[in-house]
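Visitor: I am new to reading protein models, and I would like a close look at a single part, the group of aromatic rings. Could you take me through that part slowly and then set it within the rest of the chain?

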Amino acid sequence: MNADNKRQDGARPALSLSLEGEMTIYQAAELKQQLLTSLEQCQVLEIDLSAITEIDAAGVQLLIAAKKAALAAQKDIRLAARSAAVTEAFELLDMSAFFGDPMVVTA
């Protein structure tokens, strides 16, 4: 996992977090801590999921929990990019609208 501080929109401190590899129940505890710690450090957390090779229900639940924690703290979580595995899981579970991020659908 890579975390990278940056400023977004000039004024709001943002943190960019790139997740790589599997996002499954086997990594759930570590990923939960990483997501919540990252969220505490910023107003806007941008998560890049383009390098996720596998995601299961536990991985999706972690993203849901992080989004709910952000809303409760009046912060924002944005999904910057999604791998094919993430896109497939979101479509299967009909979760795309929950995260509110536009998805580009190609023909």
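Guide: What follows begins with the aromatic rings and then moves outward to the rest of the chain.

Please keep in mind that this is a predicted model. Phe 90, Phe 98 and Phe 99 form one aromatic cluster, and the count of aromatic pairs comes to 2. A pair of aromatic rings is described by the distance of the centres and the angle of the planes. Phe 90 and Phe 99 make a stacked pair, with 5.0 Å from centre to centre and 5° between the planes. Phe 98 and Phe 99, on the other hand, make an edge-to-face pair, with 5.1 Å from centre to centre and 90° between the planes.

Is each of these rings buried or exposed, or something in between? Phe 90 counts as buried because its relative accessibility is 0%, and buried means under 20%. Phe 99, at 4% relative accessibility, therefore counts as buried too. Phe 98 has a relative accessibility of 32%, so it counts as partly exposed, the class that lies between buried and exposed.

Along the sequence, Phe 90 falls within helix H3 (84–93), while Phe 98 and Phe 99 fall within helix H4 (96–99). The loop between H3 and H4 holds Asp 94, whose phi is near 55°, a positive value in a residue other than glycine. Asp 94 has 66% relative accessibility, and because exposed means over 50%, it counts as exposed. A second residue can be described in a similar way: Gln 74, in the loop between H2 and E4, has a positive phi of about 55° although it is not a glycine. With 69% relative accessibility, Gln 74 counts as exposed.

We can now turn to the interior. The largest nonpolar core has 27 residues, and those with the most contacts inside it are Ile 47 and Leu 49. At least two residues of this core come from each of strand E2 (12–23), helix H1 (28–40), strand E3 (44–55), helix H2 (57–72), strand E4 (76–82) and helix H3 (84–93), and H2 gives the largest share, with 6 residues. If residues up to four places away in sequence are not counted, Leu 49 touches Leu 19, Met 23, Leu 63, Leu 79, Ala 81, Arg 82, Ser 83 and Val 86.

Helix H1 shows how a helix can have one buried side and one exposed side. H1 has 13 residues and reaches 18 Å from its first C-alpha to its last, close to the 18 Å expected at 1.5 Å a residue. Its buried residues are Ala 28, Leu 31, Leu 35, Ser 38 and Leu 39. These buried residues lie on the same side of H1, because they cover an arc of only 105° around the axis. On the other side of H1, Ala 29, Glu 30, Gln 33 and Glu 40 are exposed.

Finally, here is the chain as a whole. There are 4 helices and 4 strands, and from the N terminus on the elements run β-β-α-β-α-β-α-α. Of the 107 residues, 40% count as buried. Among the contacts with a separation of 6 or more, 69% are accounted for by residues 24 or more positions apart. The accessible surface of the chain comes to about 6200 Å², of which 51% belongs to carbon and sulfur atoms.

Key
Residues numbered from 1 in each chain as written. Predicted model: local features only at pLDDT ≥ 70, side-chain atom pairs only at ≥ 80, totals over all residues. Heavy atoms only, no water. Core = buried A, V, L, I, M, F, W, Y, C linked by side-chain atoms within 4.5 Å. Buried < 20%, exposed > 50% of the residue type's maximum accessible area, 1.4 Å probe, protein only. Contact = heavy atoms within 4.5 Å. Phe/Tyr/Trp six-rings, centres within 6.5 Å; stacked < 30°, edge-to-face > 60°. Areas by Shrake-Rupley, 256 points an atom, 1.4 Å probe, with all protein chains shown as cover. Expected span 1.5 Å × (residues − 1). Arc of directions from axis to C-beta.
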